[in-house]
Each structure stands twice: as C-alpha cells, then as structure tokens.
Amino acid sequence: MGVLVRRVMGEHCAAVMNASPGGTACHDAHAAPGDPDPDESPDLQNRADERRHEIVFCMSAVLPIGWEESDLRALMQAYVRVSAKWDAVLARPRISSSEGVERAVIYLETGLADPSDDVGYAESGGHFHRLDDQESVVMIGHAGASGTSFLSQGREGDLKKRFSAAYVCRMQDVPVLNPQTAEAIMAPPVRPLISHLFPIGEGGVYAALWYMCEEMNSGITVRLADFPIHQETVELCNYLDLDPYKLDGGGSFLAVTDQPDGLTEALGRMEVRSAVIGRLTHSRDRVILKEDETRYVTKPDMDELIREN
C-alpha cells in the first residue's frame, strides 16, 4: 500500500514514514521545499516549557478502501512510539476511508495544548489560537457524484427511455474528485486552513454530517440550497425516486474551518468546487434548513445505491 505522510516536524514524520506499510513519501505541512523546518523539536519543547503547556500529537488519515488491518495496526504503533519519544499527549487520531484516494494520505500535526483549559488550544505553524465549536463547514466536491456515475452506468437502458443518449453519457461522466486532488487537499495551502476533514462516502453527505457531529460532539446547522450538486444527479435521483444526499459521495469531503473564505478561495484556485454549507453549533441539534422547512440529520440507514439494487 502506498502511503503519503505530510508533516509538521520532520523527525516525527520520518519515524511514522519508516514504520508505515508500503512505499511512503513525506512532505512538509507548512514549509515550502528547501525552507527550514518551522517546528524544530527543541524549539517546540522550549515553548511548551515556557508556557507550561503540553506537547500534543494529532494524526489525520484518509485510507483507500481495502487497507489491511495489519497495515493500520503498524501505522498506529508508529504513531504511539513517536509520541512517546517526546512525552507528548496523543490526541485521538481521525482515521477514515475514501474511494477518492489511491494510497493512504496521512497528516501528522504537532502543537501545544493548555491542560488547564477544557476548551483547548492548539498551535499550528507557530500560530497560537483558541479552538471552538463555532466553525464553518465547507463541502468539497459534489453530493452524490460517485453514486450518479455508478448508477447511470448500471441503469443505462432504463435511463435512455427518459433521457437522450448524450445526457445519459453526461450522467456517467459527472466529475468526481480524483485521488491527486484529494492528496492536494491534504497539502498547503489548503490543509492548514482545515481543522477537521471528513470523507463523504457510503450514505452520502447526510451520513457524513452525522458522523462528523458524532466525532466532534457538536450540533450543526446547514442550508440544503448551498450543497454543491450536479444537475445530472438531481435528474437521475428524481427519475429513480432516490435521495441525492443519501447517495454515495466517494471522493468528496466535509471540512471544518475557521477560515471559510480563505479555504474556498484556495480550492477555487485549484479549480475544485466547494461551498460553505453551514456551521457547527454548541447545541446537539443537527439542523437542515430547506427554504421554509426545518429538517434534521438522522442516524444513517442505507445508502441509496444499496436500496436501488
């Protein structure tokens, strides 16, 4: 299995890279190639001692479908060993799988936390900032795009009874974020703008929203009209009586950020479609606003692909 590890601190990245399964590549998460490492280990330790803060390690990983359990175990063991070397506090790793990557994309971040503050602080690239649950949610990619392509190929004959052959071809060829784009999202200038990244997959964007809220122990308010979605997906789902927001969205992501404008602009320069769809809330309510109607994100049940087949 190929592994792409992005780092904040070179030593730590190298240790994870060497222990990770398969071919690996290590890239700096903040500095440009050839620049000095902005977070040399002694400097971070000195800042932690001066501020009476704890060093924290946090790993985010997006794995390809089919990663072996033994590979994941080796990765976690490396994560624990590297953190123990620096007597660092281990933040719970955020690990998910996605059809949008061909090799594991791992983002290893180091920072400082104030143990006296139950809200928490983090330092990234030398910038010390308070974390809260009032951040925006940005959708990267389109709802149900992967499912649209799959279904339109399997139901081509039926669809041609309703749509022209050319339009069915458009359904089959709807743009889906490719693995190279997914890897670019995990690199500067995009990844440092994201505090949490969640792949959209089986169950669609609704399922991803549910799992995101569970992971972050928060509520959410989103506007359905702001979700990026291809017209071909809308037409397909209307014809087959499916919910496009419960349709497989492999390759797309939900990003939590306190810099939504900067994130969408950076993605726009990469020609990646994205949109601010809402924000996190202190409440546990998971609200979907649709015109004058209020709905709620419910626990995922069955992907529309499975229901259709």
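**Exercise 1. In this predicted model, find which residues of H6 meet which residues of H9, and work out how the two helices are oriented.**

Solution. Start with the contacts: on the H6 side they involve Tyr-167, Arg-170 and Met-171, and on the H9 side Gln-231, Glu-232, Glu-235 and Leu-236. Next, sort these residues by class: the contact of H6 with H9 has three nonpolar, one polar and three charged residues. Now turn to the geometry. Two packed helices are described by the angle and the distance between their axes. Here the axes of H6 (residues 165-172) and H9 (residues 231-240) come within 9 Å, crossing at roughly 110°. Angles of 65 to 115 degrees count as roughly perpendicular, so H6 is roughly perpendicular to H9.

**Exercise 2. Follow the chain on from H9 and decide whether Asp-241 is buried or exposed.**

Solution. First locate the residue: Asp-241 sits in the loop between H9 and strand S12 (252-257). Then check its backbone: phi is about 60°, positive although Asp-241 is not a glycine. Most residues other than glycine have a negative phi. Finally, compare accessibility with the cut-off: exposed means over 50%, and Asp-241, at 62% relative accessibility, therefore counts as exposed.

**Exercise 3. Where does Asn-217 lie, and what is its phi?**

Solution. Look in the loop between helix H8 (204-216) and strand S11 (219-223), where Asn-217 lies. Its phi is near 55°, a positive value in a non-glycine residue. With a relative accessible area of 55%, Asn-217 is exposed.

**Exercise 4. Which peptide bond is cis in the loop between H7 (179-185) and S10 (196-200)?**

Solution. Go to Pro-189, which is found in that loop. The bond from Pro-188 to Pro-189 is cis, with omega near 5°. Most peptide bonds are trans.

Technical notes. Residues are numbered from 1 along each chain as its sequence is written. This is a predicted model: local features need pLDDT of at least 70, side-chain atom pairs count only at pLDDT 80 or more; totals for chains, interfaces and linings use all residues. Side-chain values use heavy atoms; hydrogens and water are left out. Axes are lines fitted to C-alpha atoms, for helices over the stretch in contact, and angles run from 0 to 180 degrees between N-to-C directions. Helices (H or I, at least four residues) and strands (E, at least two) are DSSP runs, numbered from the N terminus. Angles under 35 degrees count as roughly parallel, over 145 as roughly antiparallel, 65 to 115 as roughly perpendicular and the rest as oblique. Contact means heavy atoms within 4.5 Å. Ala, Val, Leu, Ile, Met, Phe, Trp, Tyr, Cys and Pro count as nonpolar, Asp, Glu, Lys and Arg as charged, and the others, Gly among them, as polar. Buried means under 20% relative accessible area, exposed over 50%, partly exposed in between (1.4 Å probe, protein chains only).
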